[in-house]
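Student: Please take one part of this model and look at it closely, working outward from a single residue to whatever surrounds it. I would like one connected account that I can follow with the structure open.

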Amino acid sequence: MEKQEGKQELRINRRNFLKAGAASAISMGVLGMTNALPVQAAETVSNSGGQSKLHPTNYGMASVKMADFNDQWLGTTKIVGPIKRFHEANQGFNLVFRHKVSEAAFKANLYYHAASKYPLGDALAKFTLSLAPMVSGKPAPEKLAIPDPEQMSQHIKDCAYFLRADEVGIGKMPSFAYYEFKAPPLEDMMKDDLSKSVPVTENLPYVIVVMVDQHLETLMASTGYDGISGSQSFRSYHATAVISVILANYIRNLGYNARAHHFSNYALILAPCMVSAGMGEMTRTGDCMAHPTLGFRTKAAAVTTDLPLAPDRPIDFGAQDFCRVCKKCADNCPSGAITQDEDYIEKNGILRWQTDIKKCVEFRVTNKEGSMCGLCMKVCPWNSKEDSWFHQAGTFIGSKGETASNLLKQVDDMFGYGTEQVEKFKWWLEWPERY
Ligand code: SF4
Ligand code: SF4
């Protein structure tokens, strides 16, 4: 993909802007919008589940309101009809194995399997795959009494942070998020034979979601689809897998049912679980959920359980209004997978933007300039780029509705946020011969 040299001329030098500060801001009409900027965003409220002692809720300066999860709403996502549960064989990389994308993608996926063509990505992926069998087990025969579910929620969050999670939330488990079937063995999928698919029968009431950052500096230095891209995913996949396996083991030791769901062995779709657990809102990308400070620069794993817990509520920080005018991910996506549509369309009972998953996965597995892709994640303005007053102000403005979103998006573009490559952070070796 060609670098967007032309944009460079339009960009403003960020360091000079931050030095000049108010004068430049006034000339762009930004400062007027920040007059209302409080020291701490006034509308930010604590979520309802237990508050961690180690990591109190931090939404940066985003203005966050609590939303609901009921028959009609999953946070800010509208439910308009019955939702059919998902067959794991229809997940993007499985569609490639089933010859539903292209033969070029099939061959690339088979021989290199996603991140594995880059040596570090391969090391991380192999370790993560080794955790596939470690998701479930029998609970201890005696249940620990839990008189205070809120205190237990706080404790579970503290455990996850102790185990090095970056964000944790607890939600009511959306029953429609469970897969209907687990995919059959790989050799059957390659013949598109789904007869050995296994029904998912679990139905536990709560879901604990843990997220780990894919690493800001690495993303700032990367093109978003070069050699390190797959390793960034697996930095977070392997870490969240470890945390979820240990948490599930711990909960079973307390006498309750618990199943870990991680990269190598899911029985659910993560995005609705993340929304239910108050970790963000659905976005234009269709499948990715944005967090107020991390954007979707994370990977997640989950633990479903019947441990008595006090679930968090979904959050609303204006991300969907922002997506309506932003479109940076769609403008920059090298495969054209992300829609430019103004508004959502209904699919499987949910109003959401639709991504062409086949285009995305084909680009990722056949990418000749690197391993995989995360360019949409890199350019998204919710992915905090720096701890400056301007970015904090931008976060506050961006969570305030469509008009403000348009202005913020223009300023974000002028700075070249998300499309720059910061050379001083480039620490990895490209190994281009592996592509
Ligand atoms: S991962 Fe890359 S190809 Fe896929 S939607 Fe994002 S930018 Fe597009
Ligand atoms: S880049 Fe813009 S449109 Fe895309 S997910 Fe992020 S905020 Fe939404």
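Tutor: Two residues are in contact here when heavy atoms of theirs lie within 4.5 Å. With that cut-off in hand, and bearing in mind that this is a predicted model, we can begin at T298, which is in strand 11, the strand of residues 298-305. Once its neighbours within four places in sequence are set aside, T298 is in contact with M211, V212, D213 and Q214. The relative accessibility of T298 is 9%, and T298 therefore counts as buried, since the limit for that class is under 20%.

From there we can move to strand 7, which covers residues 206-213 and holds V210. V210 has a relative accessibility of 2% and for that reason is also counted as buried. If residues up to four places away in sequence are again left out, V210 touches K299, A300 and A301, and its other partners are A160, A165, E167, V168, T240, I243 and L247. A further relation of V210 is with M274, which is 64 residues away in sequence, while the two C-alpha atoms are 8.8 Å apart in space. For the protein as a whole, 78% of the contacts with a separation of 6 or more join residues that are 24 or more positions apart.

Several partners of V210, among them A160, I243 and L247, reappear where two helices meet, since H155, I156, C159 and A160 of helix 8 face I243, L247, Y250 and I251 of helix 11. Sorted by class, that contact between helix 8 and helix 11 has seven nonpolar residues, one polar residue and no charged residue. Helix 8 spans residues 149-162, and its axis comes within 10 Å of the axis of helix 11, the two crossing at roughly 140 degrees. An angle of that size is neither under 35 nor over 145 degrees, and it also falls outside the range of 65 to 115, so the two helices are described as oblique to each other. The crossing of helix 8 past helix 11 is right-handed.

Helix 11, residues 229-253, has another helix to consider, because a full picture of this part should include helix 7, residues 119-130, whose axis comes within 9 Å of that of helix 11 and crosses it at roughly 20 degrees. Helix 7 and helix 11 are therefore roughly parallel to each other, the angle being under 35 degrees. Helix 7 passes helix 11 in a left-handed crossing. The residues that make this contact are L120, G121, L124, A125, F127 and T128 on helix 7, and S231, F234, R235, Y237, H238, A241 and V242 on helix 11. By class they comprise eight nonpolar residues, four polar residues and one charged residue.

For the wider setting, the protein has 435 residues, of which 56% count as buried, and its secondary structure consists of 18 helices and 14 strands.

For comparison, the surroundings of the ligands can be described in the same terms. Ligand 2 has around it T283, R284, F296, F322, C323, C326, K327, K328, C329, C380, P381 and W382. Two elements, helix 13 (319-326) and helix 14 (328-332), each give two or more residues to this shell, and helix 13 provides the largest share, with three residues. The shell divides into eight nonpolar, one polar and three charged residues. One of its members, K327, lies in the loop between helix 13 and helix 14 and has a positive phi of about 65 degrees although it is not a glycine. Most residues other than glycine have a negative phi. K327 is buried, because its relative accessible area is 15%.

The shell around ligand 1 consists of C333, P334, S335, I338, C360, F363, C373, L375 and C376, with helix 15 (357-366) and helix 16 (375-379) each supplying at least two of these residues. By class this shell has eight nonpolar residues, one polar residue and no charged residue. In the loop between helix 15 and helix 16 is M372, another residue that has a positive phi of about 65 degrees without being a glycine. M372 has a relative accessible area of 6% and therefore counts as buried.

Definitions and conventions:
Residues numbered from 1 in each chain as written. Chains lettered and ligands numbered in written order. Predicted model: local features only at pLDDT ≥ 70, side-chain atom pairs only at ≥ 80, totals over all residues. Heavy atoms only, no water. Axes fitted to C-alpha atoms, helices over the stretch in contact; angles between N-to-C directions. Helix = DSSP H or I, 4+ residues; strand = E, 2+ residues; numbered from the N terminus. Left-handed = near helix turned anticlockwise from the far one by under 90°. Nonpolar A, V, L, I, M, F, W, Y, C, P; charged D, E, K, R; others polar. Near = heavy atom within 4 Å. Buried < 20%, exposed > 50% of the residue type's maximum accessible area, 1.4 Å probe, protein only.
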